[in-house]
Amino acid sequence: ADAVCSAQAFWGTGYRCLPNSDWFLRPVMLVEGDASSSAPSGNIYLMSYAFNQDCSCFICGTTAGFRVYRTSPFCELRRVEDADAFKEKSFALVAMLYKSNVFTLVPISRDADMSAGANKAMIWDEKERRFVGELRSRHEVKGLVRNREIIVMACERDVYVYETTATGTRAILWIKTTKNTSGLCALACSSTPWIMCCPGESDGGLRVQVGQGEFSEFTAHETALAAVALNDSGTCIATASEYGSVVKVFQREGTQLLYRLRLGTPTHRESVSCITFHPDQPFLAVAASSTNVVQIFKLERSHHMRGDAGDESVTASESKGFLQRLASKATDVVKGAIPDYLTDTSCFARFTIPDVEPDGRSAIDVRHDQARILGPLLAFHRTEPRLTVLHYSGMLFEASYQQSLESPEDTDCGCAAAEMWFAARPDFNMPRPGQQVASESGGGGEESFVAEDWEVV
């Protein structure tokens, strides 16, 4: 078989399984001065980063281990680098399970080409401070996502789905896809049954898997997919293609096209790296590696596409608004594309990432040459009108926008906060009031397991 599941029963005797656990993990608070004895030698670079399922935290894989951060209030929670189990390993891909002690990591060798070992995902138990299982594939793992029920590994032409239970993990699905060098796959974090999206078997095709048995496949774009996202409930899907001119939003049931979100003029293309839905409000944000501008769209019912996916009709009021904006800048090229352009939803608000060139290049780049980071990563704040922008320059920005749907379109977001969260030098620590986080070999001690924010599984 292409996939071999060799995971142990890692849930642990005496622990209660999620979601009804009354065991918790608190990140260890290390005192200033520990870094000199436990910090890795040599510069450390980013390999990957990812938000957890509810975007309350994010994790980054580094050339020495991994680090965990909280998004609000923002701080570094845990740093596990140069543990004995991480010897000669970097982590190409990383995934958290909400706020728990379980981390899924794709290791690669620290040799010259860093090519060995990327065909498996390993499960790290931070309470036990050891690897407790692994999932293997014959092919290099390009993408990794998970939720409470499943772990998904995306390879270049295959997607493997593993079910996680109280007794371990087992392979339940093997899906053939078109070429998927970016490892595209997305999970709805709160749907029952679980819902997963990945490329289909043809360029531009999208497969929607609902649980182990039900699936559908449809053509989302004419060219290969560049990004895909699901909202929390799995009712809506957003996609972008390598062409990069529009983002499409589909209703999952029936695959009806709801919105076409215009990223620029009809001839303008972007290398879309991230799409994210607001968990509660009708907003969607898009980031691209080819620009320093993050765009926020509001998904109003009045902007729904009419009829089926190919229907280009709009209301008279919508057409008038678009025509007024086009009148002053129409060219021969734009005029030829007016029928398509008029049906698209334009940007509601935009945030210009500081200290990044208009073409997306940053003077500071802390990624490793073999990093799996394509561009900025985005997450909406659940209760405040803010958007978190995580950048590979080592900076995190909080963009503020007007949440009212009556607000004018195409406004500039304010920069509510800017924090340096990563630097290549090994002694870098994020300053916090009265505290300092240092690198601890293998993670925290037993004293960190008390009833606070973190669940033990």
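These are my notebook entries on what I looked up in this structure, which is a predicted model.

**Entry 1: strand β5 and its partners**

I started with β5, which covers residues 65-71. Is β5 mostly buried or exposed? Six of its seven residues are buried, so the rest of the structure largely encloses this strand.

Next I looked at who pairs with β5. Strand β4 (residues 57-62) runs antiparallel to β5, and five bridges join the two. One bridge I looked up goes from F58 to Y69 in β5. Getting from β4 to β5 takes a hairpin of two residues.

On to β6, residues 74-81. β5 and β6 are antiparallel as well, with seven bridges between them. Here T71 has F74 in β6 as its bridge partner. A hairpin through two residues makes this connection too.

**Entry 2: aromatic rings**

How many aromatic pairs are there? I got 19. I note for myself that a ring pair is described by how far apart the centres are and by the angle of the planes.

I picked F66 and F86 to look at properly. Their ring centres are 6.0 Å apart and their planes stand at 50°, so I wrote this pair down as tilted. A pair counts as stacked under 30 degrees and as edge-to-face over 60, so 50° falls into the tilted class. Where do the two residues sit? F66 is in β5, while F86 is in the loop between β6 and β7 (89-96), so the pair ties together parts that are 20 residues apart in sequence. Both F66 and F86 are buried.

There is also a cluster linked by ring pairs: Y49, F51, F58, Y69, F74, W421 and F422. I had already met F58 and Y69 as bridge partners, and F74 as the partner of T71.

Two arginines went into the notes as well. R148 has its charged end over the ring of Y98, 4.1 Å from the ring centre. R207 does this with F215, and there the distance to the centre is 3.8 Å.

**Entry 3: a five-stranded sheet**

I then traced an open sheet with the order β23-β24-β25-β26-β30, and its pairing is mixed. Which strands stand at the edges? They are β23 (272-277) and β30 (411-412); each has a single partner strand, so one side of each has no neighbour in the sheet. The partner strand β24 (residues 283-288) pairs with β23 in the antiparallel sense, over five bridges. V272 is bridged to A288 in β24.

**Entry 4: cysteines**

I searched the whole structure for disulfides and found zero. For C189, the nearest cysteine sulfur is that of C55, 7.8 Å away. A disulfide needs the sulfurs within 2.5 Å, so C189 and C55 do not make one. C189 has 18% relative accessibility, so it counts as buried. C347 is in no disulfide either; its nearest cysteine sulfur belongs to C413, at 7.8 Å. C347 is buried, with a relative accessible area of 4%.

**Entry 5: the largest pocket**

How much space lies in the largest pocket? It comes to about 1300 Å³. The lining has 50 residues, and the closest to the pocket centre are A50, V145, C185, V228 and L377. I also checked which elements give two or more residues to the lining: β3 (46-51), β7, β11 (141-146), β15 (186-187), β19 (225-230), β23 and β27 (377-380). So β23 turns up twice in my notes, as a sheet edge and in this lining.

Notes: Residues numbered from 1 in each chain as written. Predicted model: local features only at pLDDT ≥ 70, side-chain atom pairs only at ≥ 80, totals over all residues. Heavy atoms only, no water. Phe/Tyr/Trp six-rings, centres within 6.5 Å; stacked < 30°, edge-to-face > 60°. Helix = DSSP H or I, 4+ residues; strand = E, 2+ residues; numbered from the N terminus. Buried < 20%, exposed > 50% of the residue type's maximum accessible area, 1.4 Å probe, protein only. Lys NZ or Arg CZ within 6 Å of the ring centre and 35° of its normal. Pairing = 2+ DSSP bridges. 1 Å grid on protein atoms, 1.4 Å probe; cavity = no way out; pocket = protein on both sides within 12 Å on 5 of 7 lines; lining within 4 Å. Points joined across faces, edges and corners; volume = space filled by probe spheres on them.
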